[in-house]
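Work through the exercises below with the sequence and the model open side by side. Each task is followed by a solution in steps.

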Amino acid sequence: MEINLLWGVFGIFVLLPLAGSILSYLGKKFAIYIGIIFALIPTIMLYPFYAQNISELINIGVNINLVFDTTTWFFMLMIDTVAFASFLFAISCVKKKPEGFASLMLLSLAGANGVLMSRDFLSLYIFWEMMSWSAYLLILRSSGEYARRYLLFGILSAYFIIMGIGIFYYYTGSFLFSDSAGIPLMGWFWILFFLVVGFAVKMAVVPLHVWAPYAYSSEPSFVSFFSGGLSKLGTFGILMGMYGIAGLSILQGFGTFRDVSLFGYPFALLGAFTAFIGTILAIFQDDLRKLLAYSSIGQLGYVMVGLGLGTPLAVSGALFHAFNHAFFKSLLFLGAGAVIYRTGKYKISEMGGLGYRMPFTFLFVLFAIFALAGIPITSGFISKWMLYEAAIEKKFVIIAPLMLIASVGAFLYSFRILYGVFLGQLDKPYENIKEAPLPMLVAMGILMLPLLIFSIFPGWILEWIDDIMKSTGVGTIDYNTYSYYSSIGGANMLVLWIAFMLVFIVAMLIFLMKKARKVDQYDNYLAGESPPYVQLHAAHNFYKPLRDTWAPLLKYSIDRAYEKLSRFFVEGFEEIKKIYTENPQDYAAYLGIAFLLFLFIGWWLL
Amino acid sequence: MIAVHPVLLIAIPLFFAFLLPLIGLFSKKVLKYVVTGTIALNTIIALLVFREALNSPIFDILGGFKPPLGIVLMVGPLGGFIALIINMAGLIISIYGMEMKKEPLVKYYMLSLLLLMGANGMVLTGDLFNLFVFLEVTSIASYGLAAYNKDLKGFEGALKYVILGSIGSTFVLIGIALIYSQLRTLNMLDIATRLNEMDPYVKIVAFTSLFLGFGVEAEMFPLNTWVPETYDGAPHSVSAMFASMSAKAGIFALARVIFTIFAFTNYLWFVVIMGVLTVFFGEIIAYAQRDIKRMLAYSSIGQMGMILMGLGIGTTMAVEGAFFQMFSHAMAKALLFIAAGYMIYATQTEKMSEMKGIGRNPLIGIPLLIGILSILGMPPFIGFYGKFYILMGGFSEGYYAIIALFLAASLVEVAYYARFIKIAFEGGGKRYPSPKATVYIPLLLFAVIIVIFGVYPKPIFEILSHVTTFLTGGV
Amino acid sequence: MIPYYYLASVALIVIGIYIVIAKKNLIKIIIGLDMMDTGVNLLLISIGYVKGGTAPIENGNYTLYVDPIPQALVLTAIVIGVSVMALALSIVIGLYKNTGSLELDEIRRERK
């Protein structure tokens, strides 16, 4: 009866969203609600299917292998939850053609779930492309130019993947992950190179990240799913490619550097640079969406570091961080979406003081920012700490400092959001702004919950990760419910929480003991005069001194390099176009020349 | 089961084509229904023939002479499949053709039936000289249709087509003459079995001539130079017919030259290189186009190059992919040309940059997106399978560098289609007239075919399993 | 030894192509196409030629006659050639009506 179980699982996680996609398109006005139902069912059904291990070979002309195991479950947990939250959020914010939104979201959800279930390249590629183009159409809803950039990179990634698949197929004649015996080391190198680069595009690793800031600036409810959910498929792909298909022994076969595969190390280095560059660029963004986008790039750089290093601690850390990132980054995008929905502005410098009017949004965003910046008591801390330790453990003197600097940078941009958007002076136009609508708040609350829970009980998620690590054969780490241990320390969240609570209570007491006078924000004066209204919110040119310091480096831009490259190509195309002269006599001459040429080749071959 | 003669596929359009002027004397309005009805009848017959051919190849002897002397029609499963595709595409395009207003309508309908007949003949015939005759019938109908608009653009396109087309058919005739001079036979299977008797040098010249001659119709680089201008100058429905009917017939003829007649296995890499060059130049020049129909024409070149590449790779998988691609390209490109026809009609310009927001009407937008995604090779649309199979076939033969080049060219394809989509779905455009039923019905029909066989490609693959016999020189 | 009529047909084809490539007048280009056609027809006919043979009419008096098939082919090819020429000429007429010229470069200049 195994096969029925598999079809059941496949039905719930892939076919159901697909059906929902059609239904919600027909649903017109109720499309979003139908979408919620069809996103909720897979999310809930994840619960009974925990720790199942279903695998089935199916022959559809070629063998394909669909699997539902902890890896699938773990990634589905992120993606489906985020998708559900995004749908909830969309109730109040997607007003324009909701049927298109809902059906495309469900389509990409089905694609994503399909990718997670496939353990063969054919179904992987099919679902991957489905997810890719539906995401493209979703971006197209807000901007054609952004969508074009995304599509180009999306297809680039697909073509890298297909090169990898093709070389795999050349050696094995099969698409199954498990049929990987007998591939020579050189073959492995190219397969892994193409696969990892292909999936890294989806994770927006520098220098393949330039699509992300644009794609992440489209509709907030989709972007939170995109950045939080779909980008994890890149993580999944790299995990599968490097550790699921190839395995540690082949990676080590390329040579090692302090026990880390020479294949993985450059990617880890690239990840560290991604974290660094993403963070630096995020600091200087004034557009809230772009800031979060660059931050997302930076955070996934950490994940890439972990996947590249490949020690048990590093991969666990990477998975944990990916999990955290899914939730806190979706939460941040939703928070930003709520703020943008209420104010209609994108620029941080045009906001301010919204925390007074939107306290719940502020609270959720604050918590997400804590997690993002890795403040010790949040789950973001523990995952980052694992990654630091993994780098420090092996004494990597470039990777570890880059990550630490990036972490400091994360504080800077987090502060920019906190101050620029929520704190400071509430500007006059926003006097009467209301709290975000209820569905938005519920969506954000749902995303905050796991962050809170796993900050106290990291052991629960480490248990799932442990399962994944066992199945990939990377090795496991020591952990218990509140903490994990490594060769150079580890972290105990219970201790941290108790310490934090003590400090918090003391600080609270001091705060309460001190007598303070409550003043209105306009209760101020300048040089003895009391002006009626003054813009005191200093969010313009935020971090200007820092920017000036970095100016020499900031003038190099990867975006511009790409633009130059594309201009070069387009000019080249115009030149090549001149072959077609539009003169029939030239064309007749081509025909004659081709005939002679073919004849020569033919005679030469004889 | 009723025995259906494949010759009906040729006879019916021919009969009705010359009946049309008579009908036209009585009533002009009824003409378009007659044409669509004829093609519908033809499609049904094609379906029956195809079903019969699936069991065993049909040989239909014409004129009473026995082969190898007499003319024979031979319909294998693949030939039947391609004939079905051509008739089906013709049927759907003829619905769009109903809205044709420009006189002389009788000639338009006549020529389109003749084009259909020629294309059917090219696919069905088993005789080399007969193939040439049908090639010429197709070409003559095409020359007439290409100039149908009677404007400068149309005449120029037609002139280029005439010049290149007649040089091409001269080459075909040279090839036929050379083969006949050595083997004294014109039957394809007969030629194939006795190929060894040929002098190798004459064989090379004959092959080159035939390859080049059919290459003109099959849009191979550098013989495809007529394509953009002819497609651009022709009426929209005619461009769709060229892309999905005559080009398919041409490439199938080319495939038969390569596999059935010459059973060419050692030098197939040469075909692959020609294919990849076709893709490369087609896609790159398409990027540099500003007019929608020219862009589609160059893109069509690129797609035909992909089919050629698949044929050249020559493994079962790749050739299956190539045939699948013929099907998907016939459907998707006809869809895009019809959509382009509506867009040009609605915006009164061919410039893509002035078509802002034209796709925002879902009746146009959704088929347009489906067509483009299918051309780009996205699952679950039919374009995916052809591309994937061709690529995998190429990989299993070790053509890495060529495939990398091909993928780079495909990336360019993505770039220009995305550029077009960006404009087509941009907000803030004017209000455009909504499409008539004759426009959106064909669009939706094509889109439905693209999606249905994309989601459930199994029947097509079952047909394509006959590729193995085709590759070993069978029908 | 290659018979001279083969050479003649090759020469006709080459001259035809040369005219198509080099001459600017549309009528001349079409004449070039026609010459190519004629060249191929000559080739076909000469393939079927048997030295000393008569016309392929079966009446018992002659045993040696030329191959009938190429002649049938040539007849067809001539018909096709004529119709292509007719169409080509009508296209040229159309071009002339549109531009008032038969010179290729002038027509192309008109376009721009």
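**Exercise 1: Chain A as a whole**

Chain A is divided into domain 1 (1–156 + 203–226), domain 2 (273–475) and domain 3 (560–605), with bounds that come from an automatic or database domain assignment. This is a predicted model, in which local features need pLDDT of at least 70 and side-chain atom pairs count only at pLDDT 80 or more, while totals for chains, interfaces and linings use all residues. Residues are numbered from 1 along each chain as its sequence is written, and chains are lettered from A and ligands numbered from 1 in the order in which they are written.

Task: State how far apart the centres of domain 2 and domain 3 of chain A are, and how the radius of gyration of chain A compares with that of a compact globule.

Solution.
Step 1. Taken over C-alpha atoms, the centres of domain 2 and domain 3 of chain A are 51 Å apart.
Step 2. The C-alpha trace of chain A spans about 100 × 65 × 55 Å along its principal axes.
Step 3. The radius of gyration of chain A is 26 Å, which agrees with the value near 25 Å for a compact globule of 606 residues. The radius is taken over C-alpha atoms, and the globule rule is 2.2 Å times the number of residues to the power 0.38.
Step 4. Chain A holds 24 helices and seven strands; these are DSSP runs numbered from the N terminus, helices (H or I) of at least four residues and strands (E) of at least two.
Step 5. Of the 606 residues of chain A, 55% count as buried. A residue is buried if 20 or more other C-beta atoms lie within 10 Å of its own, exposed if 12 or fewer, and partly exposed in between, with C-beta atoms placed from the backbone.

**Exercise 2: Strands of chain A**

Task: Describe the pairing of E1(A) with E2(A), then give the strand order of the open sheet of three strands in chain A.

Solution.
Step 1. Strand E1 (residues 54–59) and strand E2 (residues 63–68) of chain A pair in the antiparallel sense over six bridges. Two strands count as paired if DSSP finds at least two bridges between them.
Step 2. Glu56(A) has Leu66(A) in E2(A) as its bridge partner. Three residues lie between E1(A) and E2(A) in this hairpin, and Gly61(A) in the turn has a positive phi of about 105°.
Step 3. The open sheet has the order E5-E6-E7 (chain A), with antiparallel pairing. Its edge strands, E5 (478–479) and E7 (489–492) of chain A, each pair on one side only.
Step 4. E5(A) is joined to E6(A) by two bridges, and a hairpin of three residues connects them. Asp478(A) stands opposite Tyr485(A).
Step 5. Between E6 (residues 483–486) of chain A and E7(A) there are four bridges, and their hairpin has two residues between the strands. Here Tyr485(A) stands opposite Gly490(A), and Ser486(A) opposite Gly489(A).
Step 6. Helix H21 (residues 493–513) of chain A packs on the sheet and touches E6 and E7 of chain A; its direction makes about 55° with that of E7(A). Axes are lines fitted to C-alpha atoms, for helices over the stretch in contact, and angles run from 0 to 180 degrees between N-to-C directions.
Step 7. On E6(A), Tyr484(A) and Ser486(A) form the covered face, whereas Ser483(A) and Tyr485(A) form the uncovered one.

**Exercise 3: Contacts between chains**

Task: Find which helix gives the largest share of the side of chain A that touches chain B, then turn to Leu223(B).

Solution.
Step 1. The contact takes 43 residues from chain A and 47 residues from chain B; two residues are in contact if their C-beta atoms, placed from the backbone, lie within 7 Å.
Step 2. The largest share on the chain A side, 15 residues, comes from H6(A).
Step 3. That side divides into 32 nonpolar, five polar and six charged residues. Ala, Val, Leu, Ile, Met, Phe, Trp, Tyr, Cys and Pro count as nonpolar, Asp, Glu, Lys and Arg as charged, and the others, Gly among them, as polar.
Step 4. Leu223(B) is found in the loop between helix H8 (200–217) and helix H9 (226–233) of chain B. Leu223(B) is buried because 28 other C-beta atoms lie within 10 Å.
Step 5. Beyond its neighbours within four places in sequence, Leu223(B) contacts residues including Leu591(A) and Ala594(A), as well as Leu164(B) and Gly168(B).
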